[in-house]
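This report introduces a protein structure to a reader who has not met it before. Please look at the sequence and the model together before reading on.

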Amino acid sequence: EGYAYAKRMIDVMNRCYNEEYGCKFTSVIPTNIYGKHDNFSIEDGHVIPGLIHKCYLAKKNETDLTIWGTGKPLRQFIYNVDLGKLMIWALREYDEIDPIILSVDEKAEVSIAEVAKLVAKGMEFEGNIVFDTEKSDGQYKKTACNDKLRKYLPEFEFTSMENGLKEACQWFSANYETARK
């Protein structure tokens, strides 16, 4: 709760600095990020890097890939290279005080089960994917609207989940010993 409140207060602070001093500060709001050089900790990482690490270990140990929950919740994921490009654009071109959501389109929302299958494909994992329904799914849907981004960049092409995950999986496998985990 405190984390979310603090993020909202950044927007309030940006407006106050603009009103008081004429400063043009803003904030960007990315959705779930994944890609090379992530934190691949199973306990402390985010969804995709944690799944990549779990899949790596399942392949190595010839065990099932166990996913917490039913796999039904939906999420939007942005490849870190795409986010980097959008951050540079925002620094150079975005001139509003109101925040902007940097996210794939709503139609690109995918289920955790779909992500798990794509990770398995990217890792060339041929074992079983098992959903541990004793574990919680969490919130079913966390859709973010990127209409403002599309107003500015209607032609921006996001990396497909399949390609981004393939690159992230290959990077993790090649850098397992030194990757953050």
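## Aromatic rings

Two rings of Phe, Tyr or Trp, the six-membered ring being used for Trp, count as a pair if their centres lie within 6.5 Å. By this criterion the structure, which is a predicted model, holds 12 aromatic pairs. One of them joins Trp89 and Tyr94, with 5.9 Å from centre to centre and 45° between the planes. The pair is classed as tilted because its angle is neither under 30 degrees, as for stacked rings, nor over 60, as for edge-to-face ones. Trp89 and Tyr94 are both buried.

A single aromatic cluster is formed by Phe40, Tyr56, Trp171, Phe172 and Tyr176. Tyr176 also has a charged partner: the charged end of Lys181 sits over the Tyr176 ring, 4.4 Å from the ring centre. In a further case, Lys135 lies over the face of Trp68, and the distance to the ring centre is 5.0 Å.

## Overall architecture

The protein chain has 6 helices and 8 strands. Their order along the sequence is α-β-β-α-β-β-β-α-β-β-α-β-α-α. The C-alpha trace spans about 60 × 30 × 30 Å along its principal axes.

Contacts show how the chain is brought together. Of those between residues at least 6 apart in sequence, 82% join residues at least 24 apart.

## Surface and charge

Of the 181 residues in the protein chain, 38% are buried. The chain exposes about 11,100 Å², and carbon and sulfur atoms supply 50% of this area.

The protein chain carries 24 positive and 29 negative charges. The mean positions of these two sets are 1 Å apart.

## Helix H4 and the residue Glu124

Helix H4 covers residues 112-122. Which of its residues are buried? They are Ile112, Ala113, Val115, Ala116, Val119, Ala120 and Gly122. In an α-helix there are 3.6 residues a turn, so residues three or four places apart point the same way.

After H4 comes Glu124, with a positive phi near 55°. Glu124 is placed in the loop between H4 and strand E8, which covers residues 129-132. Is Glu124 buried or exposed? Its relative accessibility is 59%, and Glu124 therefore counts as exposed.

## Two glutamates with positive phi

Most residues other than glycine have a negative phi. Glu124 departs from this pattern, having a positive phi of about 55° although it is not a glycine. Glu62 is likewise not a glycine, and its phi is positive at about 55°.

Where does Glu62 lie? Its place is in the loop that runs between helix H2, residues 47-61, and strand E3, residues 65-68. Glu62 is exposed, because its relative accessible area of 75% is over the 50% cut-off for that class. Glu62 and Glu126 are separated by 64 residues in sequence, yet their C-alpha atoms are 9.3 Å apart in space.

How values were computed
Residues numbered from 1 in each chain as written. Predicted model: local features only at pLDDT ≥ 70, side-chain atom pairs only at ≥ 80, totals over all residues. Heavy atoms only, no water. Helix = DSSP H or I, 4+ residues; strand = E, 2+ residues; numbered from the N terminus. Buried < 20%, exposed > 50% of the residue type's maximum accessible area, 1.4 Å probe, protein only. Contact = heavy atoms within 4.5 Å. Areas by Shrake-Rupley, 256 points an atom, 1.4 Å probe, with all protein chains shown as cover. Lys, Arg positive; Asp, Glu negative; His and termini not counted. Charge placed at Lys NZ, Arg CZ, Asp CG, Glu CD. Lys NZ or Arg CZ within 6 Å of the ring centre and 35° of its normal.
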